[in-house]
Amino acid sequence: MIDYRAARLRMVEYQIARRGIRDLAVLEALSAVPREEFVPEALRDYAYDDTALPIAHGQTISQPYIVALMAEAAGLTGASKVLEIGAGSGYAAAVMAEIAGHVVTIERLATLAAQATARLQRLGYANVEVISGDGTAGCAGQAPFDAILSAAGTRKVPPAWKEQLAVGGRLVLPLGPLGDQTLMKIVRTSDSDYTQRPLVDVRFVPLIEGPG
Ligand code: SAH
């Protein structure tokens, strides 16, 4: 029987802090979220491995380091309102919900959305709202967002995501064709201006438009 808490703290030290993640809130969030609850039963003992893991329907739960890097790049505080595209297991949403005031996460596959909703509720994440549907159009009803993060890769930035950023808001997303994606950080510096910078090469599942 694995001591998940001990494994989690080792993961934060060796995979996250030693690789340069400095944001204390992010380190604390990853120390708090029980990743073993977000992976399939048969993979629980691998929950703190340094890797993405398969969930249902050919999707994946992201590597912890990438979740940490994205959360740090998103510059989250207790006042942040966050939009995630691609809830998957709900793990990254839980990590962000440990820091941010409110997290809206959209998942295209209805079964995954339902499972993530139930799991987050069971674990007590009352500040996460899971929406079942296509996240390409963002969530205009709750915009603007202080941070928008995509867990699925696109060749082009969906215009709605940039439009739904608050001025000063951060958009973090994998950009580029499958097999050649770069994690990008886009900052809305004024109503009409955005800056963009690459963070690291990544491998994410593709954003799929349309209903699941
Ligand atoms: N954040 C997740 C990682 C999920 S992988 C976690 O921590 O587990 C990316 C997810 O994006 C997949 O579940 C996939 O179904 C979803 N996805 C792909 N295209 C989408 C779209 N257009 N809208 C919403 N979700 C989408």
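This passage goes through the overall fold of a predicted model, two backbone oddities and the surroundings of the ligand.

Starting with the chain as a whole, the secondary structure comes to 6 helices and 9 strands. Computed along the principal axes, so to speak, the C-alpha atoms take up a box of roughly 55 × 35 × 35 Å. The radius of gyration is 16 Å, which agrees with a compact globule, because a globule of 212 residues would come out near 17 Å.

Two spots in the backbone are worth a look. One is the peptide bond between Ala 143 and Pro 144, which is cis, with omega at about 0°. Pro 144 belongs to the loop that runs between β5 (128-132) and β6 (145-150). The other is His 57, which is not a glycine and still has a positive phi, about 60°. His 57 is also a loop residue, placed between β1 (53-54) and β2.

Now to the ligand, which sits in the largest pocket. Its shell is made up of 28 residues, and the closest of these are Ser 89, Glu 107, Asp 134, Gly 135 and Ile 208. By residue type, the shell splits into 14 nonpolar, 10 polar and 4 charged. Several secondary-structure elements put at least two residues each into this shell: the strands β2 (60-61), β3 (81-85) and β4 (102-107), together with the helix α4 (91-99).

As for individual contacts, Ser 89 uses its side chain: a polar atom there lies 2.7 Å from an oxygen atom of the ligand. Gly 86 and Ile 208 come in through the backbone instead. For Gly 86, a backbone N or O atom is 3.0 Å from a ligand nitrogen atom. For Ile 208, a backbone N or O atom lies 2.7 Å from a nitrogen atom of the ligand. On its own the ligand has 580 Å² of accessible area, and the protein covers 99% of that.

Methods. Residues numbered from 1 in each chain as written. Predicted model: local features only at pLDDT ≥ 70, side-chain atom pairs only at ≥ 80, totals over all residues. Heavy atoms only, no water. Near = heavy atom within 4 Å. Polar contact = N/O pair within 3.5 Å; in protein donor to acceptor, adjacent residues only side chain to side chain. Areas by Shrake-Rupley, 256 points an atom, 1.4 Å probe, with all protein chains shown as cover. 1 Å grid on protein atoms, 1.4 Å probe; cavity = no way out; pocket = protein on both sides within 12 Å on 5 of 7 lines; lining within 4 Å. Sits in = over half its atoms within 2 Å of the grid points. Helix = DSSP H or I, 4+ residues; strand = E, 2+ residues; numbered from the N terminus. Nonpolar A, V, L, I, M, F, W, Y, C, P; charged D, E, K, R; others polar. Rg over C-alpha atoms; globule rule 2.2 N^0.38 Å.
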